[in-house]
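Trainee: I'd like a close look at one part of this protein, the packing around its aromatic rings. Could you walk me through it slowly?

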Amino acid sequence: MPVQTATLACGCFWSVQRAFQNVKGVHRVVCGYTGGVVPRPNYRMVCRGHTGHVEAVEILFDTRATSYGALLEQFWKFHDPTIDHSAKRPLTRSNLPPMPPGTGAVQQYRQFMERTVSPSPCGTPDIGEQYRSIIFVHDEQQRAVATRSLSDHQRWCRGTILTEIRDAGPFWPAEERHQDHVQKIVDLYDSYLNHG
């Protein structure tokens, strides 16, 4: 079948969605929640860490233009798979101090990024259970590719890769405000520049 699904969790789904949207052969990327026990979770529930879910992306891709293995190569580039997310207090948007009154959306986003973006070259500033690194496989072929990919990357990685490989289960799309979030910020910023 030329169109397949990949489900990957590697940090905050906003930037992960944007990155995979730029991969040739990817038709659609949806932000959502998976891996937990609570049906129909929402962002606040997942951020509190009591659902077992992670922020993830569901990727619909054309195997004639890209491969599952190629998507996993991107997956490893988007985050640091050696971070132990169970050992640190989550740093999430919900527990940041409030912005001063009258702060515009662009300024809020800039301040948010200044407060949360780490110096890590891997691009995963968020720490917490909901940001665990997990490859959710949809069949045995994906499991074999994922297992081989993890093993290959462990050979050159300085730390122990903590990425899990698990069977894919129900995927709950995130709220609309989280879909294409990075593009919405870019559009807002462009509008601000063009219209003052």
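Is Phe13 buried or exposed?

Mentor: Buried: Phe13 has a relative accessible area of 1%. Keep in mind as we go that this is a predicted model.

Let's get our bearings before zooming in. The chain has 6 helices and 6 strands, and along the sequence they run β-α-β-α-β-α-α-β-α-β-β-α. Of its 196 residues, 40% are buried. Among contacts with a separation of 6 or more, 78% are between residues 24 or more positions apart.

Now the rings. Searching the whole structure turns up 4 aromatic pairs. In one of them, Phe13 meets Tyr33 in a tilted arrangement, with 5.7 Å centre to centre and 50° between the planes. Phe13 belongs to helix 1 (residues 13-21) and Tyr33 to strand 2 (residues 26-34), so this pair ties together parts that are 20 residues apart in sequence. Tyr33 is buried too, with a relative accessible area of 0%. Tyr43 also comes into the picture, since ring pairs link Phe13, Tyr33 and Tyr43 into a cluster.

Stay on helix 1 and slide along to Phe20, which pairs with Phe78. Here the ring centres are 4.8 Å apart and the planes sit at 90°; anything over 60 degrees counts as edge-to-face, so that is what this pair is. Phe78 sits in the loop between helix 3 (68-77) and helix 4 (105-116), 58 residues from Phe20, and the pair thus links distant parts of the chain. Phe20 is at 0% relative accessibility. Phe78 comes out at 17%, and it counts as buried because the cut-off is under 20%.

Phe20 is worth a second glance when you turn to the nonpolar cores. The largest one has 34 residues, and the members touching the most others are Phe20, Ile59, Tyr68, Leu72 and Ile135. Quite a few elements give two or more residues to this core: strand 1 (3-9), helix 1, strand 2, helix 2 (43-48), strand 3 (54-62), helix 3, strand 4 (134-137) and helix 5 (140-156). Helix 3 gives the most, with 5 residues. As a general point, nonpolar side chains in soluble globular proteins tend to be buried together.

To see what that looks like at one spot, pick Leu72. Setting aside neighbours within four places in sequence, Leu72 is in contact with Leu8, Ile135, Val145, Ala146 and Ser149. Another core lies apart from the largest one; this other core has 7 residues, including Val30, Val54, Phe136 and Phe171.

While you're in there, have a look at the cysteines. The count of disulfides is 0. Cys47 has the sulfur of Cys12 as its nearest cysteine sulfur, 8.7 Å away, whereas a disulfide would need the two sulfur atoms within 2.5 Å, so Cys47 is in no disulfide. Cys47 is buried all the same, at 6% relative accessibility. Cys10 is buried as well, with a relative accessible area of 2%.

Finally, the outside. The chain exposes about 10,600 Å², and carbon and sulfur atoms supply 54% of that. If you want to retrace the tour on screen, begin with the Phe13 and Tyr33 pair, move along helix 1 to Phe20 and its partner Phe78, and end on the contacts of Leu72.

Terms used
Residues are numbered from 1 along each chain as its sequence is written. This is a predicted model: local features need pLDDT of at least 70, side-chain atom pairs count only at pLDDT 80 or more; totals for chains, interfaces and linings use all residues. Side-chain values use heavy atoms; hydrogens and water are left out. Helices (H or I, at least four residues) and strands (E, at least two) are DSSP runs, numbered from the N terminus. Buried means under 20% relative accessible area, exposed over 50%, partly exposed in between (1.4 Å probe, protein chains only). Contact means heavy atoms within 4.5 Å. Accessible areas come from the Shrake-Rupley method with a 1.4 Å probe; for residues, only the protein chains shown count as cover. Rings of Phe, Tyr and Trp (its six-membered ring) pair if their centres lie within 6.5 Å; planes under 30 degrees apart count as stacked, over 60 as edge-to-face and the rest as tilted. A nonpolar core is a set of buried Ala, Val, Leu, Ile, Met, Phe, Trp, Tyr and Cys residues joined through side-chain atoms within 4.5 Å.
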